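The following note sets out a colleague's remarks for a student who is reading this structure for the first time. Please keep the sequence and the model in view while working through the numbered points.

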Amino acid sequence: MRIPAGDVATAMIQNSLHMPKDTSRECLQSTHEMLQLLVNKFGATKEILEDGTKLFELMKRLVEDSTSASAGQAVKVYQTLAYFTGASLSAFDHTLEPLIGLMIEGIKNPIVGRKVAQSFRILLAPSPVLTKENFCSVRLLRNSKCFAVAANPLIALWQAASDKTLKEKYLIAISGILVFMTPTQLDEGIEASRLLPIILEGVTVQDEQFTKTAFMKTLFQLAPRHPKVIEEHLDSVLGRVLDRLRNTYHNPSDSSAECRVLAVEVLILLVKTVKPALLTQRANKINAELDAAKDDAAWEVRKKAGDCAMELFNLNDRMK
């Protein structure tokens with residue numbers, strides 16, 4: 001007997017939205033994962049439901065109704081939407097672009113928009129169920145597809161937005177996609193000169209450790225491949241990187257230890273790839289921040305700062 005995938009998926013969506021308050025995170029996660037299997041492996045979006053509609057129409061209706069629901073309930077709806085969309089993305093399902101559209105529109109919600117932006121991290125995150133071993137459809141070009149249908153529209157909206165809060169939310173969403181991109185995929189998706197301003201803004205987003213770290217990782221990938229672009233904006237790049245690195249007792253960093261480590265690694269790359277003359281002009285400023293970083297609470301930051309200081313000390317040898 002064939003599983004009625006559409007109706008079972010409907011039950012999973014409803015279950016995820018109406019679980020008791022004491023439900024464990026593992027239970028909710030397994031419900032989302034079952035929904036993903038039904039969408040990706042069993043073709044739930046192609047079936048007609050008992051009420052004569054399709055699964056996408058149900059999801060769209062729930063999203064629309066969430067505008068009059070409580071903030072907590074709306075967050076549940078958009079979280080379920082993100083898992084639904086991730087499964088659709090992996091299979092290149094026909095519902096992908098409409099689902100992405102619902103997610104992007106949700107960012108504008110003044111109450112839950114920030115949570116919606118954070119949910120973009122779900123789309124490309126490694127999944128324990130969406131695997132070839134589970135006979136799921138995992139398309140090789142899903143990262144590039146996600147950049148095309150989600151990241152590019154988000155970048156356009158970020159560029160056009162004038163409201164600071166909305167721009168930040170777009171950056172949060174963009175970071176959730178970029179963090180999973182390889183350097184080659186980044187180069188194929190967008191010109192480095194267009195990407196750099198996004199990175200420089202992204203590493204300053206307040207109260208978003210994931211976002212700052214994601215954009216710092218993207219800068220780490222960009223720097224060695226596009227040194228000329230970096231050189232054109234060197235002072236801005238150094239300013240952002242050194243600001244994320246600074247972490248003293250009287251002036252604690254707004255970045256996690258992981259982000260601070262990445263910041264030093266970016267500095268090391270700059271020393272190795274940027275024209276030495278450009279860096280020697282700024283060596284005093286860099287060394288001052290590295291000296292402070294050698295007293296960082298995280299040992300890996302201290303170690304990396306020492307390595308970077310040595311690279312900078314040896315910079316004169318490259319000029320001979």
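**Notes on the model**

1. A useful place to begin is Leu 262, which is in contact with Thr 213, Met 216 and Lys 217 once its neighbours within four places in sequence are left aside. The model is a predicted one. Leu 262 has its place in helix H15, and its relative accessibility of 12% is under the 20% limit, so Leu 262 counts as buried. Its C-alpha atom is separated by 10.0 Å from that of Phe 215, a residue 47 places away along the chain.

2. The chain as a whole should be considered next. Its secondary structure comes to 19 helices and zero strands. The C-alpha trace spans about 75 × 40 × 40 Å along its principal axes. Of the 320 residues in the chain, 52% are buried. When contacts between residues at least 6 apart in sequence are counted, 70% of them join residues at least 24 apart.

3. Helix H15 also takes part in a helix pair. The axes of helix H14 (residues 234–245) and helix H15 (residues 257–273) come within 8 Å and cross at roughly 145°. The crossing of H14 past H15 is left-handed. On the H14 side, the contact is made by Val 237, Leu 238, Val 241, Leu 242, Arg 244 and Leu 245. On the H15 side, it is made by Arg 260, Ala 263, Val 264, Val 266, Leu 267 and Leu 270. In reading such lists, the student may recall that an α-helix has 3.6 residues a turn, so residues three or four places apart point the same way.

4. Helix H2 (residues 25–40) offers a simple check of geometry. At 1.5 Å a residue its 16 residues should span 22 Å, and the end C-alpha atoms are indeed 22 Å apart, so the two values agree. The buried residues of H2 are Thr 31, His 32, Glu 33, Leu 35, Gln 36, Leu 37, Leu 38, Val 39 and Asn 40. These buried residues pack against helix H1 (5–17), helix H3 (55–65) and H4.

5. Helix H4 (residues 71–91) may be examined in the same manner. Its 21 residues reach 31 Å from the first C-alpha to the last, close to the 30 Å expected at 1.5 Å a residue. Is H4 largely enclosed by the rest of the structure or largely open? Because 15 of its 21 residues are buried, H4 is largely enclosed by the rest of the structure.

6. Two residues deserve attention for their backbone angles. Most residues other than glycine have a negative phi. Phe 92, although not a glycine, has a positive phi of about 55°; this residue comes just after H4, in the loop between H4 and H5. Its relative accessibility of 26% means that Phe 92 counts as partly exposed. Asp 207 is likewise not a glycine and has a positive phi of about 55°. Asp 207 lies in the loop between helix H11 (192–202) and helix H12 (209–222), and with a relative accessible area of 70% it is exposed.

7. Ser 175 is found in helix H9 (residues 164–178). Its relative accessibility is 0%, and therefore Ser 175 counts as buried. The side chain of Ser 175 reaches the backbone oxygen of Ile 172 at 2.7 Å. Apart from neighbours within four places in sequence, Ser 175 is in contact with Phe 210, Thr 211, Ala 214 and Phe 215. The C-alpha atoms of Ser 175 and Ile 199 are 8.8 Å apart, with their positions 24 residues apart along the chain.

8. Asn 109 provides an example from a loop, here the one between helix H5 (96–106) and helix H6 (113–118). With a relative accessible area of 17%, Asn 109 is buried. A polar atom of its side chain lies 2.8 Å from the backbone nitrogen of Ile 111.

9. The cysteines form the final point. How many disulfides does the structure hold? The structure holds zero disulfides. For Cys 27, the nearest cysteine sulfur is that of Cys 136, 20 Å away. Cys 259 is also in no disulfide, and its nearest cysteine sulfur, that of Cys 308, is 15 Å away. Cys 259 is buried, with a relative accessible area of 0%, whereas Cys 27, at 36% relative accessibility, counts as partly exposed.

How values were computed. Residues are numbered from 1 along each chain as its sequence is written. This is a predicted model: local features need pLDDT of at least 70, side-chain atom pairs count only at pLDDT 80 or more; totals for chains, interfaces and linings use all residues. Side-chain values use heavy atoms; hydrogens and water are left out. Helices (H or I, at least four residues) and strands (E, at least two) are DSSP runs, numbered from the N terminus. The expected span of a helix is 1.5 Å times one less than its number of residues. Buried means under 20% relative accessible area, exposed over 50%, partly exposed in between (1.4 Å probe, protein chains only). Contact means heavy atoms within 4.5 Å. A polar contact is a pair of N or O atoms within 3.5 Å; within protein, one must be able to donate a hydrogen and the other to accept it, and residues adjacent in sequence count only if both atoms are side-chain atoms. A disulfide is a pair of cysteine sulfur atoms within 2.5 Å. Axes are lines fitted to C-alpha atoms, for helices over the stretch in contact, and angles run from 0 to 180 degrees between N-to-C directions. A crossing is left-handed if the near helix is turned anticlockwise from the far one by less than a right angle, and right-handed if clockwise.
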